[in-house]
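Subject: Structure handover

Hi,

Here is the structure I promised to pass on. My notes follow below it.

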Amino acid sequence: MPARAKPEKPSKTPKARTKAAEVLSAACLCGGVEIETDAPVFWAWHDHSTSSRRAHGAAYATYAGCWKSKVRVTKGGALVAEFHDEARGHVRRFCSRCGTPVMFMRGSSPKWINIPRALFAGRTGREAKYHVAIEELQDWAYIGQAVGPLKGYPGVMVEKTRKPARTKRVMLFEA
Ligand SMILES: [Zn+2]
């Protein structure tokens with residue numbers, strides 16, 4: 001019995017083979033620095049460490065981890081300044097005009113450039129579902145508690161506090 005021929009794989013069209021990677025664009029607050037990388041980024045992660053918290057002035061920083069070889073500064077290279085965090089072996093780059101952190105390189109990972117996730121207006125192809133130094137999450141960080149409008153302050157929301165369970169009033173003194 002003749003062996004059944006394997007179904008032929010659909011051949012790739014030359015167009016599909018030469019298709020350029022989707023380009024992701026990131027920019028600082030003033031727009032002076034623009035960075036590009038190819039989609040998807042390698043991974044996306046939340047960094048709760050003290051150094052990233054301070055460098056961003058925020059509860060934590062969220063980064064898109066990219067291959068260094070795929071990151072290109074397409075505008076404003078002269079505006080990019082560097083801080084060498086020698087104690088930790090990190091390098092942090094920021095826009096010298098508006099102060100936005102634009103790149104974070106860890107000494108232990110020389111092939112990676114971490115770009116703050118918030119600099120990308122669109123999607124990066126990776127969900128930020130990894131956490132580094134989660135044990136340093138601050139008790140003042142907002143982690144999705146229920147909020148409601150604050151009366152008299154349009155646009156301001158306040159966290160809803162749960163009413164404490166009613167406890168029986170203990171009479172210390174008899175009337
Ligand atoms: Zn800037």
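Start at Phe120. Phe120 sits in the loop that links strand 9 (112-116) to strand 10 (128-132). Bear in mind that this is a predicted model. Is Phe120 buried or exposed, or something in between? Phe120 counts as partly exposed, because 19 other C-beta atoms lie within 10 Å and 20 or more would be needed for buried.

The loop reaches a distant part of the sequence. Ser25 is 95 residues from Phe120 along the chain, yet the two C-alpha atoms are 6.0 Å apart. Which residues does Phe120 contact, once neighbours within four places in sequence are set aside? They are Leu24, Ala26 and Ala64.

**The overall picture**

The chain has 175 residues, and 18% of them count as buried. It holds 2 helices and 12 strands. In order from the N terminus, the elements read α-β-β-β-α-β-β-β-β-β-β-β-β-β. Take the contacts between residues at least 6 apart in sequence: 57% of them join residues at least 24 apart.

**The core**

In soluble globular proteins, nonpolar side chains tend to be buried together. Here the largest nonpolar core has 19 residues. Tyr63, Ala64, Val102 and Ile115 touch the most other members. Five strands each give at least two residues to this core: strand 1 (23-27), strand 4 (61-67), strand 7 (90-95), strand 8 (101-106) and strand 9. Which strand supplies the largest share? That is strand 4, with 4 residues.

Ala64 is worth a click. Beyond four places in sequence, Ala64 touches Val41, Ala44, Ile115, Arg117, Phe120, Thr124 and Arg126. So Ala64 touches both Phe120 and Val41, going by C-beta atoms within 7 Å.

**The sheet 1-2-5**

Strands of a sheet pair through backbone hydrogen bonds, either parallel or antiparallel. One open sheet here has 3 strands in the order 1-2-5, with antiparallel pairing. Strand 1 and strand 5 are the edge strands, each pairing on one side only. Neighbouring strands of this sheet are turned by 35° against each other on average, direction ignored.

Take the two pairings in turn. Strand 1 and strand 2 run antiparallel and are joined by 5 bridges. Leu24 has Thr37 of strand 2 as its bridge partner. The two strands form a hairpin, with 6 residues between them. In the turn, Gly31 has a positive phi of about 85°.

On the other side, strand 2 pairs with strand 5 (residues 72-75), again antiparallel, over 3 bridges. Two bridge partners from strand 5 can be named. Arg72 partners Glu36. Val73 partners Ile35.

How do the side chains point along strand 2? In a regular strand the side chains alternate between the two faces of the sheet. Strand 2 (residues 34-38) shows that alternation. Ile35 and Thr37 point to one face and are buried. Glu34, Glu36 and Asp38 point to the other face and are not buried.

**The loop after strand 2**

Strand 2 is followed by a loop that leads to strand 3 (43-47), and Val41 is in that loop. Pro40 lies there as well. The peptide bond from Ala39 to Pro40 is cis, with omega near -10°.

Why does Val41 count as buried? Val41 is buried because 24 other C-beta atoms lie within 10 Å, and the cut-off is 20 or more. Its contacts, leaving aside neighbours within four places, are Leu24, Ala64, Gly65, Cys66, Thr124, Gly125 and Arg126. Thr124 is 83 residues from Val41 in sequence, but the C-alpha to C-alpha distance is 6.0 Å.

Leu24 and Ala64 deserve a look together. Leu24 is in contact with Phe120. Leu24 is also in contact with Val41. Ala64 is in contact with both Phe120 and Val41.

**One backbone oddity**

Please look at Ala133 too. Ala133 has a positive phi of about 60°, although this residue is not a glycine. Ala133 is in the loop between strand 10 and strand 11 (147-149). With 15 other C-beta atoms within 10 Å, Ala133 is partly exposed.

Best wishes

Note on methods
Residues numbered from 1 in each chain as written. Predicted model: local features only at pLDDT ≥ 70, side-chain atom pairs only at ≥ 80, totals over all residues. Buried ≥ 20, exposed ≤ 12 C-beta atoms within 10 Å, placed from the backbone. Contact = placed C-beta atoms within 7 Å. Core = buried A, V, L, I, M, F, W, Y, C linked by C-beta atoms within 7 Å. Pairing = 2+ DSSP bridges. Axes fitted to C-alpha atoms, helices over the stretch in contact; angles between N-to-C directions.
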